[in-house]
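Q: Could you walk me through how to read a structure like this one, feature by feature?
A: Gladly! Let's have it in front of us and begin.

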Amino acid sequence: MKLKRSVKFIIPAVVIVLILVAVVVHAMPKKKQTNSADAAGNTAGNLMNGGLFCEYNNKIYFANPYDHNYLYVMDSDCSNARMLNSDSVASLNIYNDKIYYVKNNFSKEMIGTILRGQLFGIYQTDLEGQNSTMLYNHLTGSVSLCGNYLYYQHYESDVGITLHRMDIDGENDKLVSNTPYNPSCVSEGKIYFSNTDKKNVISTLDPKDDSISLYYDANSYLPDSEGNYVYYIDISKGYSLVRVNKNTKTVELLYGKENCKVINYNLYGSKIFFQLEGDDNPGLYRMNADGTQVEYIANGDLTNIHCTSQYTFFQYFDNQGVLYRVPTMGAISYPEEIRIQKES
């Protein structure tokens, strides 16, 4: 009888201890996810073109123009496409298996455009498009991940557009600058941008204290820091595409002709895709990163140039519901129209 009585009292005691342990563990502060200081969520070129495509772990996450720009994923060879969620997305950033994006209040007439009053809110989700968390719920411009922060263009009707930052979990939102600098280029833990307050000189922003420093005195547009160079469109040189050596500060002309302008580009590895206006053959071109081997790809008014390891995608400005692709590195014969069926 004594043995039975002792077992009878021991079992409830164990249960009580387990409950107390569970309560204590649940009450303990959760450890925040942290990124490396030099973390970037997408290539600068893709973010400068709206961030509609982002390659991560051999998968391409993208806004599907055939299905309201909803968030889709496919293999890097464009096979096995499927929808992740029904948010229309832009400014895609992916790091540590988390997707950050701006939700686009979609309308057919405005597909693919950036800002213009329809981008609303910053969201975080997992790689399956599930467990979505809203980090910010107002009108938003470009967004980029830099280390443990999201830098974004913040909009208020009485103030206009400014540059803000917040932690990757949406906390500690703060004003960085009253000027809406473009945060798209994240390189080696800093943000490179054209400083519109200082005659478009190339400047850097250090996330350690949000200090801004002069990097190079040029009348620049869309700077992109990659490897040993900073690439940019030089406004004073007739919108030529140039690069400056980080070590010697020597400037190299990559592409420039009279009566034409480079108005957009995307640098990926050893290739640059760029859009030319005003020439006898305006349209999309490709060349090596040192300015050699210029190739003509497509005629017309193009937009949304996005590069991935195998393919570079683009659309025509007046028909952004159709997507085209060409090889990023290999030989190009002609642009291929690619259709990604929407899910029923």
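Q: What share of the contacts in the chain with a separation of 6 or more comes from residues 24 or more positions apart?
A: Bear in mind that this is a predicted model. Here, residues at least 24 positions apart make up 40% of the contacts with a separation of 6 or more.

Q: How many helices and strands does the chain have?
A: There are two helices and 26 strands.

Q: And how do I read burial for the chain?
A: A residue counts as buried when its relative accessible area is under 20%. In this chain of 344 residues, 50% are buried. The accessible surface is about 16,700 Å², with 51% of that belonging to carbon and sulfur atoms.

Q: Let's zoom in. Is asparagine 64 buried or exposed?
A: Asparagine 64 is buried, because its relative accessibility is 0%. This residue lies in strand β2, which covers residues 59–64.

Q: Which backbone atoms lie by the polar atoms of its side chain?
A: The asparagine 64 side chain has a polar atom 3.0 Å from the backbone nitrogen of tyrosine 66. A polar atom of that side chain also lies 3.3 Å from the backbone oxygen of isoleucine 340. Leaving aside residues up to four places away in sequence, asparagine 64 touches Asn69, Tyr70, Tyr72, Ile340 and Gln341.

Q: How many disulfides does the structure hold?
A: Zero. A disulfide needs two cysteine sulfur atoms within 2.5 Å. For cysteine 185, the nearest cysteine sulfur belongs to cysteine 146 and is 9.9 Å away.

Q: Why does cysteine 185 count as buried?
A: Because its relative accessibility is 2%. Cysteine 260 is likewise buried, at 7%.

Methods:
Residues numbered from 1 in each chain as written. Predicted model: local features only at pLDDT ≥ 70, side-chain atom pairs only at ≥ 80, totals over all residues. Heavy atoms only, no water. Helix = DSSP H or I, 4+ residues; strand = E, 2+ residues; numbered from the N terminus. Buried < 20%, exposed > 50% of the residue type's maximum accessible area, 1.4 Å probe, protein only. Polar contact = N/O pair within 3.5 Å; in protein donor to acceptor, adjacent residues only side chain to side chain. Contact = heavy atoms within 4.5 Å. Areas by Shrake-Rupley, 256 points an atom, 1.4 Å probe, with all protein chains shown as cover.
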